[in-house]
Each structure stands twice: as C-alpha cells, then as structure tokens.
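Please read this briefing alongside the sequence and the structure shown below. The points after the lead sentences are grouped by topic.

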Protein chains: 2
Amino acid sequence: MSQEEQKSGPEPRGPEGKGAEARPRNWLVPVILLSLKDWNSYGYELMERASAFGFEAMNPGTLYRTLRQMEKEGIVESTWETSRGGPARRMYTITDAGKTYLDFWARSLEQYQQTMDNFFRLYTGKSLRPDEEKKKDDV
Amino acid sequence: MSQEEQKSGPEPRGPEGKGAEARPRNWLVPVILLSLKDWNSYGYELMERASAFGFEAMNPGTLYRTLRQMEKEGIVESTWETSRGGPARRMYTITDAGKTYLDFWARSLEQYQQTMDNFFRLYTGKSLRPDEEKKKDDV
DNA sequence: AGCATATATATGTAAAATGCACATAGAGTA
DNA sequence: TACTCTATGTGCATTTTACATATATATGCT
C-alpha cells in the first residue's frame, strides 16, 4: 500500500498523546457573549479576551467570521465606530436572544460538568460496572 | 433558489437557545479508551456505554467510524471474534499508545475544568476587569 | 514622500468532526 | 420463507476549525 490515497483521514492522534485536547466545541460563541454581556466590544479586543480565557493563540479569521455569523443569527448586533483615530471598529452588542442563548449554554455547561466529573471518577480507578467485576483476562 | 442561495451557512442558533450545547469535541475517543482500559469490548457494546455516559442517542455509524480511525492511529487494536452464535464481533483492545493518549487527555481535561470554572464565575456575576468598572452606558 | 508597523476587519480554501441515511450480513424464530 | 435482533460498516452533506492571505487606516521613522 505504498501509494494509497487517503481521501479523508483526520490527523492521526500520535502515541505521544499529541492532539489530546479536551476542548469544547464552539467555545468561542459563549465566551464572546459573556464578554459582551458586560461591555460592548469589537473583534480585536474580544480576541485578546478569548486568549486570556485559556485559549491558545486565536486565529483572527476564525473570530471575525464567528462574529459575523453570530450577527446573522441575531445573538449580537454591530455598528461601525469611526469617531476615533485608527481603522474603524465594528462595535458589537449582545441582543436579548444572545442573553437567552448564553443562559441556555451555561445551563448545558453545568450538566456537562457532571458528565466530566463522572469521567474523571472512572478514570481515577473506579469501575464502570461495579456489580460485574469483569476483568480483561476474563475475555 | 428563488432569491438568495445560502451555500454554506451553519445552522442558526435561534433566540430560543436551540443548539446551545456545551459538548466537548472528540468526546467519543476518550470515552472509548476509558472503557477499553477496563475490559476489551466491541462496537455495539461500546455504543451502549457511551450513551450511558450522558450522550444523547449515539449514531452507530459515527462510533464504528471512530473505532476504525482509532485503530489506524494505533491507539486501539482489533480482532474478529467468531467463536459464538450471532454475527461476528470486532473486539477492541487498548494499546500502550492509547493509554498514553488517555492520560494526556485526562490531564488536558483537568486544565479545561478550570477554564470552565472560570467561565462560570464570570457568568454568575463577577466582573471581567474588576479594576476598570466600565459599563455599557460608558460606551 | 516612502516605508514599516500596529491596529482592525475580512475572505478563500481545505481539513477535520459530526449527523443522518442507508447497506450488509449472521442467527434465531414464527 | 420472512421477520427481527445483533453487529458492522459506507456515502454524503453539513458544521466546525485551521491556516493563509487580502484590505485599509493611522502613526512613526528616515
């Protein structure tokens, strides 16, 4: 299989544990909403906030695209701010729908935290089926 | 396509908070690995385990595809089990690389838990910049 | 003026992850 | 035979994420 073409293979998770990141999907959206809940802001600033949140260096493109997407969905709104030196900023505001969304997300997060606690308990030694003490050798 | 053709718009996050799920990405991989750490198993059974983990109904296709992928990556291994009535099962075993990967993931999870606690603290009222009490009206 | 740099926003493209529908097959049983 | 349960898999579209690149405004420097 020297010249086998892998048309859709995801990046391999190496034996060294590379790529083993326990990140949630779509993290950016709630982080942005949470930021905007306190103060209106714009892309460039939000980017710094996001990375302060424990993210590795964010790619600008991803953030800006997410913002436009969020506006299309009605969870944020924007206006140009030009009354200043430097390039114009697109100032964002959270909408009511956005607040609702954030609340939903937060509640979902709570539930998810439990699931993770669960995972961790199992990881640190507890058996998955305590009643049925099947071990590897049993197979 | 009478007026506008939306060629690649993600599903809108409605004002009702639909789709606001705080799921992690790639959850399936660590769950499978954790299961296999205790007992060898096969797809059909692992599927039940996964849903017991707090997932909504798993799609078989996704699980089986993930398993094959994981094998390609060397974090699990499989053999056919035919010594039984019923259709053959592909029995999976976790490899050393798989254990390493799981350990990495678990450590990453710990870190991530902190990030989420952080998020929650901010969400439940704390200010993001306590020193600089900028409010919305200030903008 | 010309040029580099910092700020600021955005698009194009591809890879990776996810979801959903469907295909295959063995074994038991009505 | 036909139906159902167990078991594994492929195809395809959509969604999410990553990476590279493009544009524009202002400031400072030579």
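Read from the N terminus, the elements of chain A follow the order α-β-α-α-β-β-α, and the secondary structure of this chain comes to four helices and three strands. The model is a predicted one, and every value given here was computed from it. Of the 139 residues in chain A, 25% are buried, and among the contacts in this chain that link residues at least 6 apart in sequence, 41% join residues at least 24 apart.

**The sheet of chain A**

- Three strands of chain A form an open sheet in the order β1-β3-β2, and their pairing is antiparallel.
- The edge strands of this sheet are β1 (41-42) and β2 (76-81) of chain A, each of which pairs on one side only.
- Helix α3 of chain A, which covers residues 60-73, packs on the sheet and touches both β2 and β3 of chain A, and the direction of this helix makes about 120° with that of β2(A).
- Between β2(A) and β3(A), the latter being residues 89-94, the antiparallel pairing extends over six bridges, and A:E81 stands opposite A:R89 in β3(A).

**Strand pairing in chain B**

- Strand β1 of chain B (residues 41-42) pairs with strand β3 of chain B (residues 89-94) in the antiparallel sense, over two bridges.
- Strand β2 of chain B (residues 76-81) also pairs with β3(B) in the antiparallel sense, in this case over six bridges.
- The residue B:Y92 in β3(B) appears in both pairings, since B:S41 stands opposite B:Y92 and B:Y92 is likewise the bridge partner of B:S78.

**Helix α1 against helix α3 in chain B**

- Helix α1 of chain B (residues 28-38) and helix α3 of chain B (residues 60-73) pack with their axes 11 Å apart and at an angle of about 75°.
- An angle from 65 to 115 degrees counts as roughly perpendicular, and therefore α1(B) is described as roughly perpendicular to α3(B).
- On the α1(B) side the contact involves B:L28, B:V29 and B:I32, which meet B:L63, B:T66, B:L67 and B:M70 in α3(B).
- Sorted by character, the residues of this contact between α1(B) and α3(B) comprise six nonpolar, one polar and no charged.

**Helix α2 against helix α3 in chain B**

- Helix α2 of chain B (residues 43-52) and α3(B) have axes that come within 10 Å and cross at roughly 115°, and the crossing in which α2(B) passes α3(B) is right-handed.
- The residues B:G43, B:L46, B:M47 and B:A50 in α2(B) meet B:P60, B:L63, B:Y64 and B:L67 in α3(B).
- In this contact of α2(B) with α3(B), seven residues are nonpolar, one is polar and none is charged.
- B:L63 and B:L67 of α3(B) take part in the contact with α1(B) and also in the contact with α2(B).

**The residue B:F53**

- B:F53 lies in the loop between α2 and α3 of chain B.
- Because B:F53 has 18 C-beta neighbours inside 10 Å, and a residue is buried only with 20 or more and exposed with 12 or fewer, B:F53 counts as partly exposed.
- When residues up to four places away in sequence are left out, B:F53 touches A:T115, A:N118 and B:V31.
- B:V31 stands 22 residues from B:F53 along the chain, and the C-alpha atoms of these two residues are separated by 8.2 Å.

Notes. Residues are numbered from 1 along each chain as its sequence is written. Chains are lettered from A and ligands numbered from 1 in the order in which they are written. This is a predicted model: local features need pLDDT of at least 70, side-chain atom pairs count only at pLDDT 80 or more; totals for chains, interfaces and linings use all residues. Two strands pair if DSSP finds at least two bridges between them. Two residues are in contact if their C-beta atoms, placed from the backbone, lie within 7 Å. Axes are lines fitted to C-alpha atoms, for helices over the stretch in contact, and angles run from 0 to 180 degrees between N-to-C directions. Angles under 35 degrees count as roughly parallel, over 145 as roughly antiparallel, 65 to 115 as roughly perpendicular and the rest as oblique. Ala, Val, Leu, Ile, Met, Phe, Trp, Tyr, Cys and Pro count as nonpolar, Asp, Glu, Lys and Arg as charged, and the others, Gly among them, as polar. A crossing is left-handed if the near helix is turned anticlockwise from the far one by less than a right angle, and right-handed if clockwise.
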